[in-house]
Amino acid sequence: MMLLESLSRFIDKNAVELVIKKNGKNKQVAKCAEELAELSVEIMKCFDGKEFELADNANLVDEIADAIIMLEQLVRLSRQDNKVQQRIVFKCDRMKQIYS
């Protein structure tokens, strides 16, 4: 089971739809970009140049959760669920080929 697929069971689909309906597509796409940027910043805070450290980082956990929720919204808004899933499978298969 893929990450987003396995985590999507925790995402309240009704809440996602309410937010999209209230805020609109453009605002949610911009919010997705914002949340992904915040995740990127938090990741870099965990990286000291030598070893990536994640232990007990509540901020990182929050940003991961925000990013996953926003990615769920982006996939819904794009109506490309199947294509996204196919590309994830393709890219994972390619990683296995490259690194095995």
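The paragraphs below lead through this predicted model, from a loop and its surroundings to a nonpolar core and then to the charged pairs. Residues are numbered from 1 along each chain as its sequence is written, and side-chain values use heavy atoms, with hydrogens and water left out. Because the model is predicted, local features need pLDDT of at least 70 and side-chain atom pairs count only at pLDDT 80 or more, while totals for chains, interfaces and linings use all residues.

A starting point is Asn57, which sits in the loop between helix 3 (25-46) and helix 4 (58-78); helices here are DSSP runs of H or I with at least four residues, numbered from the N terminus. Asn57 is buried at a relative accessible area of 18%, where buried means under 20%, exposed over 50% and partly exposed in between, with a 1.4 Å probe and protein chains only. The side chain of Asn57 reaches the backbone nitrogen of Leu60 at 2.8 Å, and, leaving aside neighbours within four places in sequence, Asn57 is in contact (heavy atoms within 4.5 Å) with Glu42 and Cys46. Cys46 belongs to helix 3 and is buried, with 6% relative accessibility.

The loop between helix 3 and helix 4 also holds Phe47, which is partly exposed at 39% relative accessible area.

Turning to the interior, the largest nonpolar core consists of five residues, Ile11, Val16, Ile20, Ile68 and Leu77; such a core is a set of buried Ala, Val, Leu, Ile, Met, Phe, Trp, Tyr and Cys residues joined through side-chain atoms within 4.5 Å. Helix 2 (13-23) and helix 4 are the elements that give two or more residues to this core.

Side chains of opposite charge can pair when their charged atoms come close. The whole structure has six salt bridges, each defined as a side-chain nitrogen of Lys or Arg within 4 Å of a carboxyl oxygen of Asp or Glu. In one of them Glu35 pairs with Lys31, the closest N and O atoms being 3.3 Å apart, and both residues lie in helix 3, four residues apart, about one turn of the helix. Glu35 is buried at 7%, whereas Lys31 is partly exposed at 31%. Glu42, which touches Asn57, also forms a salt bridge with Lys45 at 3.7 Å, N to O; Glu42 is buried at 8% relative accessibility, while Lys45 is exposed at 61%.

Terms used. A polar contact is a pair of N or O atoms within 3.5 Å; within protein, one must be able to donate a hydrogen and the other to accept it, and residues adjacent in sequence count only if both atoms are side-chain atoms.
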